[in-house]
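Here are a few exercises to work through with the model open on your screen. Try each one yourself before reading the solution.

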Amino acid sequence: MRNTININQGWKFIREDAGLPTALPEHWQSVELPHTWNAVDGMDGGGNYYRGRCWYARTFETPRQPLPGGRVYVEILAAGQQAAVYVNGRQAVYHEGGYSSFRADVTELCREDGENLLAVACDNSNKDSVYPQSADFTFYGGLYRGVNLISVPHTHFDLDHFGGPGLKVTPRPCPCGGAKFELESWVTDPDENFTVMYSIKNAEGHEVASAVRPASDPNVTVAVPSARRWSMDNPYLYIVTAILQRRNEAYDEVSARVGVREFSCDPQKGFILNGAATPLRGVSRHQDKLYQGNALTRADHFEDARIIKELGANTIRLAHYQHSQDFYDACDQLGFAVWAEIPFISVFNQDPAAHENCVSQLKELIIQNYNHPSICFWGISNEILIGGISDKLVENHHELNKLAKELDPTRLTTIAHVSMTPTSGPMHHITDVESYNHYFGWYGGKMEDNGPWLDKFHGEHPDICLGLSEYGCEGIVTYHGPEPACRDYSEEYQALTTSTWPGCWMSGPGSGPATCGICSTSAARPGTRAAWRAGTTRAWSP
């Protein structure tokens, strides 16, 4: 059976490019994961935080294999922004992209007995072919989500496909009140003796359906009668387990928590969940916390989600990159409609290698997170016209949107336009949903300008599902005043901005508002346009 071993303890770290060690460097700093070297300088607002190549190292014993021919993988849950992984002095994998999980089969690099030296070089310096190229948030460096060893038999659920779980579950509601669960798994090197046994349990732990398929063709659709729907008010989760068997002997096991729901967007009715119009009001969230940077624990992620729920929000835009599995889990369990996106932001690089990095990060985002019921939208870029427009930029967006629909035809695609994006032009009608980042009442104009602007856009494009992906103003938790005013950075003006604006609405034809397709409010940290960081300021109204 699979054995996942957490190895977050006992690391040595040095904040310089000291080179590949040949033995565990005892003089390096002792750290535990998650860890970032920008926990302080990346949060002081100066923008001059350390960016470079730094090293982590620790030893581990080769996991004992219960069966001959077993494999050992190193799993890096995230490493900012590029990383090279070495075992006993030999490179196991190099990965570009600071926000997704990746693995390496290190079986042949491990010693049969005794200790192995694991070294990871993380690099958050700028690289032209890796996104994000430029943005107003910190590009943290480090092993900030942890590291695992995974020991599996020779035949196992796939661990080599873009960091995915090897299991894909698509629950489809039926008009009769039941649901069909489309189950798909991938098995590495099976023979005719292997089968996959599926089990579906409800939230109470009772099995409601099961199936068995040959491992060479493990796809199957299973009916679940009287299936309960997942919603923001009642985030009901089923547990799907896939067990790889050889002649009734269990070899490997994977599972996923999933939800039965259906959703759509309508330009007039807005977001529709399980047949009911459901206005979306929420926040944008970055994955960092004061003096921790982005090195958050599972408890930190769940606390952020609970604070957002307390705020009254029902949707979260996860700006501007793939977030932790812990936070997606929290959104599944607490009930949020999530917009997840890649860090294709602000500046477009025409280098084909940069586009391939976008493609890779989009594949990782969707493949690793497909089973999360909270995710409703895949975002393909944010404010990308800050760096100008070109035919190649538009072409790349069409390619990314097509890829997202091929990987996941069940969800909607979206884009976040910078406020100055023309209301007509080639950047429209690419994704299923479009949104704008407007800061009327802060960078320019008045808070009351939102409604008329949205009315005008809807009049020009009545076929576009439109939302507001960012709005608000900047605030500093220690700034207060009896007469809040624009640009005073007070929490009072921040609260006024979000409470004065008449809800997250898109104006429909004629008089009166209609609910938007999707929206996410945000209040930015001082000196930037980065979204509100849940857990660090809470003094504004939903």
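**Exercise 1.** Find the volume of the largest pocket, then work out which residues lie nearest its centre.

*Solution.* Keep in mind that you're looking at a predicted model. Start with the space itself: the largest pocket has a volume of about 1100 Å³. Next, go round its wall, where 37 residues form the lining. Glu75, Pro165, Ser255, Gln325 and Asp329 are the ones nearest the centre. Now look at the elements: β10 (147–152), β19 (249–258), α1 (298–311) and α2 (325–334) each give two or more residues to this lining. Last, sort the lining by character, and you get 16 polar, 11 nonpolar and 10 charged residues.

**Exercise 2.** Which element gives the largest share of the largest nonpolar core?

*Solution.* First, the core as a whole: it holds 39 residues, and Ile316, Val338, Phe344, Leu362 and Leu400 have the most contacts inside it. Then list the contributors. Among the elements giving two or more residues are α1, α2, α3 (352–369) and α4 (391–407), along with strands such as β26 (375–382). The winner is α3, with six residues. To finish, zoom in on Phe344: beyond its neighbours within four places in sequence, its contacts include Tyr131, Cys358, Ile380, Leu393 and Leu400.

**Exercise 3.** Decide whether Asn450 is buried or exposed, and find what its side chain reaches.

*Solution.* Locate Asn450 in helix α5, which covers residues 450–460. Its relative accessibility is 4%, so Asn450 counts as buried; the cut-off is under 20%. Then follow the side chain of Asn450 to the backbone oxygen of Met447, at 2.9 Å.

Key
Residues numbered from 1 in each chain as written. Predicted model: local features only at pLDDT ≥ 70, side-chain atom pairs only at ≥ 80, totals over all residues. Heavy atoms only, no water. 1 Å grid on protein atoms, 1.4 Å probe; cavity = no way out; pocket = protein on both sides within 12 Å on 5 of 7 lines; lining within 4 Å. Points joined across faces, edges and corners; volume = space filled by probe spheres on them. Helix = DSSP H or I, 4+ residues; strand = E, 2+ residues; numbered from the N terminus. Nonpolar A, V, L, I, M, F, W, Y, C, P; charged D, E, K, R; others polar. Core = buried A, V, L, I, M, F, W, Y, C linked by side-chain atoms within 4.5 Å. Buried < 20%, exposed > 50% of the residue type's maximum accessible area, 1.4 Å probe, protein only. Contact = heavy atoms within 4.5 Å. Polar contact = N/O pair within 3.5 Å; in protein donor to acceptor, adjacent residues only side chain to side chain.
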